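Trainee: I have a structure open in front of me and would like to learn how to read it. Could you take me through it feature by feature?

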Amino acid sequence: AQAQAQTNAAALSIADTAWTVSSGVRAALLELESATRRLEVLEAQRENDDAIVSMVAARVQAGEAPRTDLGVYQTQQGRDLLDLADGRSKLDANRAKLADAVGVPAISLRVTAVSFGALDKLPGIPSQRSLRSAALLRRSDVLGALQDFAAADAALRLEIAKQTPDLHLNPGYTFDQGQSKWALGLG
């Protein structure tokens, strides 16, 4: 019973580790998706900044706007370029984090397209009762702890059983030269 409980606890420990790995991959995927979408917005912002700066530069050239207006927009363009560089570095960091979670070299994700199609449609939310039941009855870490307890309980029962002597009385009968002999064996 102790060995069976330890085997079950080890299997549940593997399931718990698998859950930890998959949740790490899921979190890394979400961060990568967020960084990718942020970078797309920053790229669009850079294009808008370029267009605005060129329009204001044309107005300044034509004498319709003061030179200080151009400086304001160029400063904003510089800030947005810094944000864009920061977004690119965060995207690279999130790719490395995903590669680490998956267990592949980071360089391999640069040439591999990561699909976020499964994130577009979220699954339905289960009822609170089923969530509560799953939280109480299906968690591998809780089930593993219960199996560890069962193993310890089986070991304790074995040690308690070893405290009392294990006596066996064996009756015996022999027929020796016409005489019936009864014996009692003690073990």
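Trainee: Among contacts in the protein chain between residues at least 6 apart in sequence, what share joins residues at least 24 apart?

Mentor: In this model, which is a predicted one, 61% of the contacts between residues at least 6 apart in sequence join residues that are at least 24 apart.

Trainee: Which order of helices and strands does the protein chain follow along the sequence?

Mentor: Reading along the sequence, you meet the pattern α-α-α-α-α-β-β, which comes to five helices and two strands.

Trainee: How do I judge the overall shape, and what is the radius of gyration of the protein chain?

Mentor: One way is to set the radius of gyration beside the value for a compact globule with the same number of residues, which for 187 residues would be near 16 Å, whereas the protein chain has 37 Å. Along the principal axes, the C-alpha trace spans about 140 × 40 × 30 Å, and of the 187 residues 15% count as buried. The accessible surface comes to about 14000 Å², with 59% of that area belonging to carbon and sulfur atoms.

Trainee: How far apart are the end C-alpha atoms of helix 1, and what span should its residues give?

Mentor: A helix can be checked by its rise, and because each residue adds 1.5 Å, the 61 residues of helix 1, residues 2-62, should span 90 Å, which agrees with the 89 Å between its end C-alpha atoms. After helix 1 comes G63, with a positive phi near 85°.

Trainee: Which residues of helix 1 are buried, and what covers them?

Mentor: The buried residues of helix 1 are A5, A9, A28, L32, E33, A35, L39, L42, D49, V53, V56 and V60, and their cover includes helix 2 (67-102) and helix 5 (140-163).

Trainee: Which residues make up the largest nonpolar core?

Mentor: To read a core, look for buried nonpolar residues whose side chains are joined to one another. Here the largest one has ten residues, namely A28, L32, A35, L39, L42, L84, L91, L98, A99 and L109. Helix 1 and helix 2 are the elements that give two or more residues to this core, and the largest share, five residues, comes from helix 1. Leaving aside residues up to four places away in sequence, L42 touches D83, L84 and G87. There is also a second, separate core of five residues, including V53, V56, V60 and A65.

Notes:
Residues are numbered from 1 along each chain as its sequence is written. This is a predicted model: local features need pLDDT of at least 70, side-chain atom pairs count only at pLDDT 80 or more; totals for chains, interfaces and linings use all residues. Side-chain values use heavy atoms; hydrogens and water are left out. Helices (H or I, at least four residues) and strands (E, at least two) are DSSP runs, numbered from the N terminus. The expected span of a helix is 1.5 Å times one less than its number of residues. Buried means under 20% relative accessible area, exposed over 50%, partly exposed in between (1.4 Å probe, protein chains only). Contact means heavy atoms within 4.5 Å. A nonpolar core is a set of buried Ala, Val, Leu, Ile, Met, Phe, Trp, Tyr and Cys residues joined through side-chain atoms within 4.5 Å. The radius of gyration is taken over C-alpha atoms; the globule rule is 2.2 Å times the number of residues to the power 0.38. Accessible areas come from the Shrake-Rupley method with a 1.4 Å probe; for residues, only the protein chains shown count as cover.
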